[in-house]
Amino acid sequence: MQVKRVLLLFVVVALALSVTVATAQDDAKVIKIASQSPLSGPQSILGTAIRNGAELAIEQLSGPLTEMGFKVEFVPFDDQATPDVGVANANNLVNDPAILAVVGHLNSGVAIPSSEVYDANNLVMVSPANTNVNITDRGLPTVNRICGRDDTQGAAGAAFAASLEGVESVYVLHDTTAYGQGVAEFFASAAEEAGLTVLNVEGTTETANFDGVIQPILALDPDLIYFGGLYPQSGIFINQARAAGYEGFFMGPDGFDASDFAELAGEAGVGTYYTTVAAPPTFYPDAAQFIEDYQAKFGEDPQPFAAQAYDSAGIVLAAIAKAAEEAGGEAPTREAVAAAVRATENYDGITGTYTFDDNGDPELATYVILQVKSADPAEWSSNEVLDEFQAPSPLYAVMQSGEATPEATPGS
Amino acid sequence: MLDARPTVGAVSLRSLAEWIYRFILFPIGQMFVFVVGAAVVLTLFAYGLALLFPEPRPNIVLVDQVNRQLPGMIISGITTGFVYAMIALGYTLVYGVLKFINFAHSEIFMVGSVVGFEVMRRLDDAGNLPFWNPVLLIMLIILVAMLFSGLLAVAIERIAYRPLRGAPRLVPLISAIGISFFLIDFVRAFQAITRNDFNLTYPTNDLEWLRTPVKLAIGEGTVNVRPTQFVVVLGAVVTLIALNYFVNGTKLGRGIRAVSQDMTTAGLMGINVNRMVSLTFFVGGSFGGAAGALFGMNVGTVTPFVGFIPGIKAFTAAVLGGIGNVTGALLGGLALGMIEAFLNGLLVYFPALGQRYTDVFAFSVLILILIFRPSGLLGERVDEKV
């Protein structure tokens, strides 16, 4: 009897709560911004950074919207770095009409199928981290990113590798995901053009025991190994490859950029080169305040992509405010928000000034080449910046060179 | 009885020799034969392939590559093979007794690897890791992992399988999958709360003797062997000898064998069936745990998801060798590890294939063997009990 009574009480309380929540939603003009990134699993360090960056931006930058009488809420989703989960989340969140924009994802392989769902529902996405060319090359009006692209990133890596003394042959390994394979193949083709011998392009899904993967690499004896993938895999791989007797260079894309890399790779990882589209926050002069606020709120240094997520959310907030103004102070439609995001011009963020081209790429993106300096994860932010440059997006490059307006990419 | 007395010394000496042969020399010899056999067969295969495709890609002479890679592939195959064999034993023991596949075994392996990490990390955090004697340290890590995983397996059997004994076979299978998910998420949550970390890195880099590879000069080149690879093989050999003695040389082992032959009759003969089943789970689980700790030390980093692939491979190895057969699990594990190492080493040279086809070919071998020997390499034909 006692148990039944307690149960009944629970039910009543739960009902009452749900009623109050429902009425609260009806009263205020609520605008929600979602984030999707891996909050659990091996890549959660980067995914959590994206969530935290977006959360901080919404806390600090939603002033114009609150003045117009809106209440801006932040709803973080965990895509578990898995396409299925990302799409399931996407299907969930498009059904909430209050959600007007998504900040995310971390993984291109998750972002591509999820963005199809967003696009079908006119929901705008701004990505702080997805570098695969197909993110924007599909020409979807709702999909944007503020980071660079893998074709340029791979080529930048290859150019740098060719400039290293004693590097003539490279072995290219990737993790078979859209991101890893994409950037690895761009690296391989650019390396070949730069005169390097590409011994092999190989994919592996191995995550723990790389013994078997390493043997043919040792036999081919490349001067440099390029690993297109993320730190949970590459860190372990580099550790084991060095122990197995490989003595050349290691290089990778922005997926290496997390302090856990140092932990996983240990001493073997020191000296590893990596390219990134998201330079460390300390690299940006305007991000000093952000670093301070981030440390105060989350109690740790911002990991890569946190500052980019902050800017992504900032762009979204500015666009929603603009669309709301045009709608006469009412909550704007998703279409209007998407159009306003795409029309963003010279948004002054902490990591740069952003203008989107017709495909949703930033017209100019920054690429940085760094070298790991220490096996201590706490020293990650002291990695040395060896080179940096800005490169235009393909569309913007064509426009600049004065040719006729480029045609939209196939598939749009 | 009385006239046996004067000969006690001689008899015990002879029986000691027999004991050494049965429980030490024979199992070591068996492992040696399996390793050498698999290595020879696959080496012949590799050179055969080199004959068929002398130059699979421009500027790649396959024979030269095989020459260069052979020692490395064999060593990597042995290490992987022993880990598979140790996990496979857990599947095969439980199958032998209860006739069902304990699919939670891969997570028992994972828990072993995480426990090994915890032991080593805690010692490292306390700052006294470098003062430990290497042998004692490794024994401690393995024993704690064994104990923990063994008890966990017993608890799983008690909670999730015993109440379902006698239910249709699919039912415990489902509960095994459920336990699997539970363990993965439990470890994930536990590590997230206590360490706020997902990738659990063994502090092997903090130990000079464990970090420095051993250079073996084989043929024209040298092969770097990680000390942990020796540890894996040695640890596996010692525990496998102990298992062989336990199953074939002790009263409890005889009890397990009796229960696996006929549970009801064994019960009628005064054997406590439930205790024997628990014991089987303990032994199988502790083997999974030991394999986990050895695997973790060898690869350096484990995660709550680390059990799935080795678990599924070890299950394959158990089927390959003949499920229910302890020697078969050993053979199957070593064979599969070796096949994988060779495929990984050779497939890269074939354009349009590559290492990601390793599993495809490895499992094709499994299917081929099962077509010709449906009960596995060493499995006996078991008549379906009606």
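Q: In β9(A), which residue is the bridge partner of Leu224(A)?
A: This is a predicted model, so we're reading strand pairing off computed coordinates. Strands β8 (residues 224–228) and β9 (residues 249–252) of chain A run in the parallel sense and pair over three bridges. In β9(A), the partner that Leu224(A) bridges to is Phe249(A).

Q: Which strands are the edge strands of the open sheet of seven strands in chain A?
A: Going across this sheet, the order is β7-β6-β8-β9-β10-β13-β14, and the pairing is mixed. Neighbouring strands are turned by 20 degrees against each other on average, direction ignored. An edge strand pairs on one side only, and in chain A that picks out β7 and β14 (384–392).

Q: Which element gives the most to the side of chain A that touches chain B?
A: Here, 31 residues of chain A meet 29 residues of chain B. On the chain A side, the elements giving two or more residues are β7 (197–203), α9 (211–220), α10 (231–243) and α11 (260–265). That side holds eleven nonpolar, 15 polar and five charged residues. With seven residues, the top contributor is α9(A).

Q: Which helix of chain B gives the most to the largest nonpolar core?
A: This core has 237 residues, and Ala85(B) is one of those touching the most other members. Not counting residues up to four places away in sequence, Ala85(B) touches Ala236(B), Ala317(B), Ala329(B), Leu330(B), Gly333(B) and Leu334(B). The helix of chain B that gives the most, with 21 residues, is α2 (residues 62–98).

Q: Why does this core lie between domain 1 and domain 2 of chain A?
A: Domain 1 covers 2–148 + 282–362, and domain 2 covers 151–276 + 366–397. The core lies between them because residues come from both domain 1 and domain 2 of chain A.

Terms used: Residues are numbered from 1 along each chain as its sequence is written. Chains are lettered from A and ligands numbered from 1 in the order in which they are written. This is a predicted model: local features need pLDDT of at least 70, side-chain atom pairs count only at pLDDT 80 or more; totals for chains, interfaces and linings use all residues. A nonpolar core is a set of buried Ala, Val, Leu, Ile, Met, Phe, Trp, Tyr and Cys residues joined through C-beta atoms within 7 Å. A residue is buried if 20 or more other C-beta atoms lie within 10 Å of its own, exposed if 12 or fewer, and partly exposed in between; C-beta atoms are placed from the backbone. Helices (H or I, at least four residues) and strands (E, at least two) are DSSP runs, numbered from the N terminus. Domain bounds come from an automatic or database domain assignment. Two residues are in contact if their C-beta atoms, placed from the backbone, lie within 7 Å. Ala, Val, Leu, Ile, Met, Phe, Trp, Tyr, Cys and Pro count as nonpolar, Asp, Glu, Lys and Arg as charged, and the others, Gly among them, as polar. Two strands pair if DSSP finds at least two bridges between them. Axes are lines fitted to C-alpha atoms, for helices over the stretch in contact, and angles run from 0 to 180 degrees between N-to-C directions.
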